[in-house]
Amino acid sequence: MRRLLARRMKFHLFGAFFVSVGCAALYKFGIADPRKRAYAEFYKSYDPMKDFEVMRAAGVFESAPPK
C-alpha cells in the first residue's frame with residue numbers, strides 16, 4: 001500500500017495527457033481544418049454586392065429600399 005497514490009497519480013496524469021492530446025488532434029483534423037477549407041471555398045466565389053442586391057430586393061434593409 002506504500003506509495004499507492006503516487007503510482008496511481010502518475011498513471012492517471014499520463015493517461016489524461018494523452019487523452020487530451022488525442023481529443024485536441026481529433027478536433028483540429030476532424031472539425032477545425034474542414035471548417036477552414038469550407039469557409040475558404042465559400043469566399044472564393046462570394047460576391048458581396050450580388051448578395052446585397054438580393055437582400056435589398058427582398059426588403060431586408062430599412063436604409064436601402066428595394067428598387
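This note goes through the helices, salt bridges, surface and backbone of a predicted model.

1. Helix α1. This helix covers residues 4-44, and its 41 residues reach 59 Å from the first C-alpha to the last, which is close to the 60 Å expected at 1.5 Å a residue. The helix nevertheless carries a kink of about 35 degrees, and the kink is centred on K28, so a reader who fits an axis to α1 may wish to look at that residue.

2. The salt bridge at K28. The residue at the centre of the kink in α1 also forms a salt bridge with D33, in which the closest N and O atoms are 3.3 Å apart. The two partners differ in their exposure class: K28 has a relative accessible area of 42% and is therefore partly exposed, whereas D33, at 17% relative accessibility, counts as buried. As a general matter, side chains of opposite charge can pair when their charged atoms come close.

3. The salt bridge at the end of α1. A search of the whole structure finds three salt bridges, and one of them joins E41 to K44, with 3.7 Å between the closest N and O atoms. Because E41 and K44 are three residues apart in helix α1, about one helical turn separates them. K44 itself is exposed, its relative accessible area being 66%.

4. The salt bridge in α2. In helix α2, which is made of residues 48-58, E53 and R56 are three residues apart and therefore separated by about one helical turn. Their side chains meet in a salt bridge with an N to O distance of 3.9 Å; since the cut-off for a salt bridge is 4 Å, a reader may want to keep that value in view when this pair is discussed. E53 is partly exposed, with a relative accessible area of 35%, while R56 is buried at 17%.

5. Surroundings of α2. Which residues does F52 touch once its neighbours within four places in sequence are left aside? The contacts are with F61 and A64. F52 is found in helix α2 and counts as partly exposed, at 25% relative accessibility. A64 also enters a second comparison, in that its C-alpha atom is separated by 9.7 Å from that of E53, although the two residues are 11 apart along the chain. Over a longer stretch of sequence, F52 and M9 are 43 residues apart, and their C-alpha atoms are 59 Å apart in space.

6. A nonpolar patch on the surface. The residues F14, F17, F18 and V21 make a nonpolar surface patch of about 440 Å². One of them, F18, has its place in helix α1 and counts as exposed because its relative accessibility is 56%, where the exposed class begins over 50%.

7. Backbone at R3. The segment before α1 contains R3, and this residue has a positive phi of about 55 degrees although it is not a glycine. Most residues other than glycine have a negative phi. At 68% relative accessibility, R3 counts as exposed.

Note on methods. Residues numbered from 1 in each chain as written. Predicted model: local features only at pLDDT ≥ 70, side-chain atom pairs only at ≥ 80, totals over all residues. Heavy atoms only, no water. Patch = residues over 30% accessible without salt bridge, like charges linked within 9 Å, V, L, I, M, F, W, Y side chains within 5 Å. Areas by Shrake-Rupley, 256 points an atom, 1.4 Å probe, with all protein chains shown as cover. Helix = DSSP H or I, 4+ residues; strand = E, 2+ residues; numbered from the N terminus. Buried < 20%, exposed > 50% of the residue type's maximum accessible area, 1.4 Å probe, protein only. Contact = heavy atoms within 4.5 Å. Expected span 1.5 Å × (residues − 1). Bend = angle between axes of the 7 residues up to and from the residue.
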